[in-house]
Amino acid sequence: MPDHAPGEGRLRAERELAHNLPTLASFVGRAGAATEVAALLDKTALVTLTGPPGIGKSSLVLRVAYDVAPGYSGGAWLVEL
């Protein structure tokens, strides 16, 4: 039997996501990329971002996940490989 209240894990995940959310300053000029990723999520359940280190893939994913999570009954999940 779980030792936490129903929904507690989801609330903890949402708080962690909000805490790690990149600042809006890091998205100056990148709104198009966030819109494009969100549009892809309308078509498929899984989107993979690739590219060289340091270009902001993780920041972009966290921003989009935060924005679109309320539209999914199970929320949005980041899977780091």
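1. A word before we start: contact here means heavy atoms within 4.5 Å. With that in mind, take Ala 69, which touches Gly 75 and Ala 76 once residues up to four places away in sequence are left out. Please keep in mind as you read that this is a predicted model. Ala 69 sits in the segment after helix 3. Is Ala 69 buried or exposed? Its relative accessible area is 18%, and buried means under 20%, so Ala 69 counts as buried.

2. Now for the overall plan. The protein chain holds three helices and zero strands, and reading along the sequence gives the pattern α-α-α. The chain has 81 residues, of which 19% count as buried. About 6300 Å² of the chain is exposed, and carbon and sulfur atoms supply 61% of that area. As for contacts with a separation of 6 or more, 64% of them come from residues 24 or more positions apart.

3. Helix 2 is a good place to look next. Helix 2 covers residues 31-43, which makes 13 residues. From its first C-alpha to its last it reaches 19 Å, close to the 18 Å expected at 1.5 Å a residue. Which residues of helix 2 are buried? They are Ala 34, Val 37 and Leu 41. Viewed down the axis of helix 2, these buried residues fall within an arc of 65°, so they line one face of the helix.

4. Turn helix 2 around and you meet its other face. The side turned away from the buried residues carries the exposed residues Ala 31, Thr 35, Glu 36, Asp 42 and Lys 43. Back on the buried side, helix 3 is included in what covers the buried residues of helix 2.

5. Leu 41 lets you follow that covering residue by residue. Leu 41 has its place in helix 2, and it is buried because its relative accessible area is 17%, where the cut-off is under 20%. What does Leu 41 touch, not counting residues up to four places away in sequence? The list is Val 47, Val 64, Val 68 and Tyr 72. Two of these names, Val 64 and Val 68, appear again among the buried residues of helix 3. Leu 41 and Val 68 are 27 residues apart along the chain, and their C-alpha atoms are separated by 8.7 Å.

6. Helix 3 itself deserves a closer look. Helix 3 runs over residues 57-68. Its 12 residues should span 16 Å at 1.5 Å a residue, and the end C-alpha atoms are 16 Å apart, which agrees. The buried residues of helix 3 are Leu 60, Leu 62, Arg 63, Val 64, Ala 65 and Val 68.

7. One name in that list carries a charge pairing. Side chains of opposite charge can pair when their charged atoms come close. In this model, the side chains of Arg 63 and Asp 67 meet in a salt bridge, at 3.2 Å from N to O. How many salt bridges are there by this rule? The count comes to one. Both partners lie in helix 3, four residues apart, or about one turn of the helix. Arg 63 counts as buried because its relative accessibility is 13%, whereas Asp 67, with a relative accessible area of 45%, is partly exposed.

8. Leu 62 leads on to the end of the tour. Leu 62 belongs to helix 3 and is buried, with a relative accessible area of 18%. Trp 77 comes 15 residues away from Leu 62 in sequence, and in space the two are 9.4 Å apart, C-alpha to C-alpha.

9. Where is Trp 77 found? Look in the segment after helix 3. Trp 77 has 70% relative accessibility, and exposed means over 50%, so Trp 77 counts as exposed. Together with Val 79 and Leu 81, Trp 77 forms a nonpolar patch on the surface. The accessible area of these residues together is about 510 Å². The segment after helix 3 thus offers you both situations, because Ala 69 is buried and Trp 77 is exposed.

Definitions and conventions
Residues numbered from 1 in each chain as written. Predicted model: local features only at pLDDT ≥ 70, side-chain atom pairs only at ≥ 80, totals over all residues. Heavy atoms only, no water. Patch = residues over 30% accessible without salt bridge, like charges linked within 9 Å, V, L, I, M, F, W, Y side chains within 5 Å. Areas by Shrake-Rupley, 256 points an atom, 1.4 Å probe, with all protein chains shown as cover. Salt bridge = Lys/Arg side-chain N within 4 Å of Asp/Glu carboxyl O. Helix = DSSP H or I, 4+ residues; strand = E, 2+ residues; numbered from the N terminus. Buried < 20%, exposed > 50% of the residue type's maximum accessible area, 1.4 Å probe, protein only. Expected span 1.5 Å × (residues − 1). Arc of directions from axis to C-beta.
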